[in-house]
Every structure is written in C-alpha cells, then in structure tokens.
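Here is a brief structural report on one protein chain. It is meant to be read beside the coordinates.

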Amino acid sequence: MDNSLDLGINGYYHFELFGKTFWLTNTHISIIIIVSVITILAILANRVIKKADPAKKPGKAMNVIELVVEAIDSITRSNMGDKHFFGFCNYIGTLMIFLVLSNTVGVFGLRPPTADYGITLGLALITFFLIHINGFRYQKMKHLTELFHPIPLTPINIIGELATPVSMSLRLFGNILSGTIIMALIYGLLPKFMLLFWPGVLHIYFDLFSGAIQAFVFCMLTMVFISKNFDD
C-alpha cells in the first residue's frame, strides 16, 4: 500500500484537441486499470467456459464463474422478477463488478474513480435514462401523465424524478470520498511506526467493506427504480 495517498485529482499528461486542453488524471489511470482487469477476466472466463466439458466435473475456475453468475442472476431475479431479469442481469453484473473494483482500488494505492463526482454522476444518469426508457416502454404515455396526478403536486413530482440521479450519485460519491479523505488524514497524521498496522485495518473497512456495500446499494437502487415501471 502506498503511504502517500492523494486526496485530489492530479493531471499527469495533457494534450490539445480542438483548441482545448485535456488532461490524463489519476482518475483516468484508475479507470483504465479497472477496465483492463475486467476485460482480461472476461476473456479468461470466456476461454474457461468454452473449454468446459459438461460431462465432466467442473474445475475450480468454472466453479467460481458459476458462483458469480448465479449470484448476479439471483439478485437481479429477486428484484426485477422472472419475466424481466434476463434483459438486465448482464448490465447489473457489469455495473456491480465495476463499482466493487472502483470502490476498493484504494487498497492498492490507487485513487477510487468513484471519489470523482463526474464518474458517479455519469453512472447515475445511465440509471436515470434506463428508468424512463423502460417507463415509456411498459407504461407508454401513462409514464408521463403520472407526473401530473394530482396537478397541484406536479412540481414536486418532477423535482422528485430529477432528484433521483443527483441523490444516487451524491450518495456513492460522498461515501467513497469520505473514506479517501479519512485515509489521507490518517497517513498524514499517524507516526511512521503506526503506519505498519492501523492503515491496513482501516483499509479493510473503508475500501473493502464500505466499498462493497456502496456498490451493492447503487445496484439495488438501479434495479428497484427500473422495475417499478414494469407492467406486472
């Protein structure tokens, strides 16, 4: 673990494009590493599945893959129903894996991408659009007219809908950033000899436990908000 955790977003390389300056930051580096890890794991899992023999006992790698897939399918099915879960389990699974890795990379001295509000807002906006795309898909114009029932509460109904991505993004951002801030303060204030033990214990809570919980909460809210528009 790195003893000099960085609280801010730092730029390491910049380039000019269309007259604007763009920076490669520590957030981008973390995302590149995370996406690369997910891609490699997906390729390896694909090879294991292709080589698996249904007539033989599955190996350890296949057991792990089946465990992950069954867990994601079970969570998605229980929240979105038997009829609709299959169309969303791939997205929810990808979202869950990305968030778990993003929230826990602080263990390896990287800055969590979800401590950057631009990342959490982007993820929340995807959920927001999925909510309303499926709302119009299953409820047609009723999805829109419900905002005007009752008419005196129309402004509150609209604000409530617009508040969904804001609340989801701020919840995830605030929890991960607070852990990053606390760890940065601990590294800066503790004597050197205490850095051998206490930061590791706190990393387990702020990065592993809290990070996994926040990933689960974000995915649960995504499934609940989307599924409320289903017609059954």
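The report goes from the overall fold to the hairpin, the helices, the core and some backbone details.

## Basis and overall fold

This is a predicted model, in which local features need pLDDT of at least 70, side-chain atom pairs count only at pLDDT 80 or more, and totals for chains, interfaces and linings use all residues. Residues are numbered from 1 along each chain as its sequence is written, and side-chain values use heavy atoms, with hydrogens and water left out.

The protein has seven helices and two strands. Both element types are DSSP runs numbered from the N terminus: helices are H or I with at least four residues, strands are E with at least two. The order along the sequence is β-β-α-α-α-α-α-α-α. Along the principal axes, the C-alpha atoms fill a box of roughly 60 × 60 × 40 Å.

Of the 232 residues, 34% are buried. Buried means under 20% relative accessible area, exposed means over 50%, and partly exposed lies in between, with a 1.4 Å probe and protein chains only. A contact means heavy atoms within 4.5 Å. Among contacts with a separation of 6 or more, 68% link residues 24 or more positions apart.

## The hairpin

Strands β1 (residues 11-17) and β2 (residues 20-25) run antiparallel and are joined by six bridges. Strands count as paired if DSSP finds at least two bridges between them. Histidine 14 stands opposite tryptophan 23 in β2. Glutamate 16 stands opposite threonine 21 in β2. Two residues separate the strands of this hairpin, and phenylalanine 18 in the turn has a positive phi of about 55°.

## Two bent helices

The table compares spans between end C-alpha atoms. The expected span is 1.5 Å times one less than the number of residues. A bend is the angle between axes fitted to the seven residues ending at a position and the seven starting there.

| Helix | Residues | Span | Expected span | Bend |
|---|---|---|---|---|
| α2 | 25 residues (60-84) | 31 Å | 36 Å | about 85° at serine 78 |
| α6 | 36 residues (154-189) | 51 Å | 52 Å | about 35° at alanine 163 |

Helix α2 spans only 31 Å where a straight helix would span 36 Å. The bend of α2 is at serine 78. Buried residues of α2 include Ile72, Thr76, Met80 and His84. An α-helix has 3.6 residues a turn, so residues three or four places apart point the same way.

Helix α6 reaches close to its expected span. The kink at alanine 163 comes shortly before proline 165. Proline 165 counts as buried because its relative accessibility is 6%. Leaving out residues up to four places away in sequence, proline 165 touches Ala124, Leu125 and Phe128. Its C-alpha atom is 6.9 Å from that of leucine 121, 44 residues apart along the chain.

## The core and a buried threonine pair

The largest nonpolar core has 29 residues, and Met80, Leu99, Leu123 and Phe218 have the most contacts inside it. Elements giving two or more residues to this core are α1 (26-51), α3 (89-104), α4, α6 and α7 (198-227). Helix α3 gives the most, with six residues. Such a core is a set of buried Ala, Val, Leu, Ile, Met, Phe, Trp, Tyr and Cys residues joined through side-chain atoms within 4.5 Å.

Beyond its neighbours within four places in sequence, methionine 80 is in contact with Phe85, Phe88, Met223, Ile226, Ser227 and Phe230.

Threonine 127 is in helix α4 (residues 117-139). Threonine 222 is in helix α7. Threonine 127 counts as buried because its relative accessibility is 0%, and threonine 222 is buried at 0% too. Their side chains make a polar contact of 3.0 Å. A polar contact is a pair of N or O atoms within 3.5 Å; within protein, one must be able to donate a hydrogen and the other to accept it, and residues adjacent in sequence count only if both atoms are side-chain atoms. Not counting residues up to four places away, threonine 127 touches Tyr91, Met168, Phe218 and Thr222. By the same count, threonine 222 touches Tyr91, Ile92, Leu95, Thr127 and Met168.

## Backbone details

Most residues other than glycine have a negative phi, and most peptide bonds are trans. Lysine 140 is not a glycine, yet has a positive phi of about 55°. Lysine 140 lies in the loop between α4 and α5 and is exposed, with a relative accessible area of 53%. The peptide bond from histidine 149 to proline 150 is cis, with omega near -15°. Proline 150 is in the loop between α5 (142-145) and α6.
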